[in-house]
Amino acid sequence: MDNGSESKREQFRRYLEKAGVLDTLTNVLVALYEETEKPNNALDFLKHHLGVAGVETADAETLRLGVSELQQKCDLLMEENKELRKRLLQYEPTPEDGAAE
């Protein structure tokens with residue numbers, strides 16, 4: 001092996017290390033190693049564990065936005081419910097009033 005290819009390999013290794021690829025791959029491989037029941041398809045295991053982070057982040061953001069929208073709707077409905085109950089009390093006697101009749 002000549003020095004040129006060794007230098008390229010070392011540059012590539014540093015590139016992978018700097019990008020976090022080596023740590024990520026190591027973590028996934030360790031997770032696979034630590035599985036008590038090894039999956040039938042190790043490649044699917046790796047794909048699933050490597051793909052989860054990006055999908056999870058996007059899904060989590062979508063869910064956060066959904067929760068925020070639903071919280072706003074809930075707040076509006078609670079306020080509307082409160083107002084309607086208040087208005088309804090004008091037309092219905094309270095239990096004390098009903099007992100007095």
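Me: In which helix is the place of Val21?

Reply: Val21 has its place in helix 2, in what is a predicted model. That helix covers residues 21-34.

Me: Why is Val21 called partly exposed?

Reply: The relative accessible area of Val21 is 33%, and the class of partly exposed residues lies between the limit of under 20% for buried and over 50% for exposed. Since 33% falls between those limits, Val21 is therefore partly exposed.

Me: What makes Val21, Leu25, Leu29 and Leu50 a patch, and how much accessible area do they have together?

Reply: These four residues form a nonpolar patch on the surface, and their accessible area together is about 310 Å². Membership asks for over 30% relative accessible area, and Val21, with 33%, meets that condition. Nonpolar side chains are joined within 5 Å. Helix 2 gives the most to the nonpolar patch, namely 3 residues.

Me: How do you know that Glu10 and Arg13 meet in a salt bridge?

Reply: Their side chains have an N to O distance of 2.6 Å, and the cut-off for a salt bridge is within 4 Å, so the pair of Glu10 and Arg13 qualifies. Both residues belong to helix 1 (residues 3-18), and because they are 3 residues apart there, about one helical turn separates them.

Me: What makes Glu10 and Arg14 a salt bridge as well?

Reply: The closest N and O atoms of Glu10 and Arg14 are 3.7 Å apart, a value that is still within 4 Å and so satisfies the definition. Glu10 and Arg14 both lie in helix 1, at a spacing of 4 residues, or about one turn of the helix.

Me: How do you know that Glu17 forms a salt bridge with Arg13?

Reply: Here the closest N and O atoms are 2.4 Å apart, which is within the 4 Å limit, and the contact between Glu17 and Arg13 is therefore counted. These two residues of helix 1 are also 4 residues apart, about one turn of the helix. Through shared partners, the salt bridges join Glu10, Arg13, Arg14 and Glu17 into one network. A search of the whole structure finds 3 salt bridges.

Me: Why does Glu10 count as partly exposed, and how are Arg13, Arg14 and Glu17 classed?

Reply: Glu10 has 29% relative accessibility, Arg13 has 35%, Arg14 has 47% and Glu17 has 44%. Partly exposed residues lie between the limits of 20% and 50%, so Glu10, Arg13, Arg14 and Glu17 are each partly exposed.

Me: What makes the charged end of Lys38 sit over the ring of Tyr33?

Reply: The charged end of Lys38 is 5.7 Å from the centre of the Tyr33 ring, and the distance condition is within 6 Å, so that condition is met. The definition also asks for a position within 35 degrees of the ring normal, and the charge of Lys38 is indeed classed as sitting over the ring.

Me: Which residues does the UniProt annotation "coiled-coil region" cover, and what are the helix and strand percentages of the span?

Reply: According to the unreviewed UniProt entry, the annotation covers residues 60-87. In the model this span is 100% helix and 0% strand, with its end C-alpha atoms 40 Å apart.

Me: How many helices and strands does the protein have?

Reply: The protein has 4 helices and 0 strands, and along the sequence the pattern reads α-α-α-α. Of its 101 residues, 5% are buried.

Definitions and conventions: Residues are numbered from 1 along each chain as its sequence is written. This is a predicted model: local features need pLDDT of at least 70, side-chain atom pairs count only at pLDDT 80 or more; totals for chains, interfaces and linings use all residues. Side-chain values use heavy atoms; hydrogens and water are left out. UniProt positions are given in the numbering used here, feature names are shortened, and annotations may be inferred rather than shown by experiment. Patches are made of residues with over 30% relative accessible area and no salt bridge: like charges are joined within 9 Å, nonpolar side chains (Val, Leu, Ile, Met, Phe, Trp, Tyr) within 5 Å. Accessible areas come from the Shrake-Rupley method with a 1.4 Å probe; for residues, only the protein chains shown count as cover. Buried means under 20% relative accessible area, exposed over 50%, partly exposed in between (1.4 Å probe, protein chains only).
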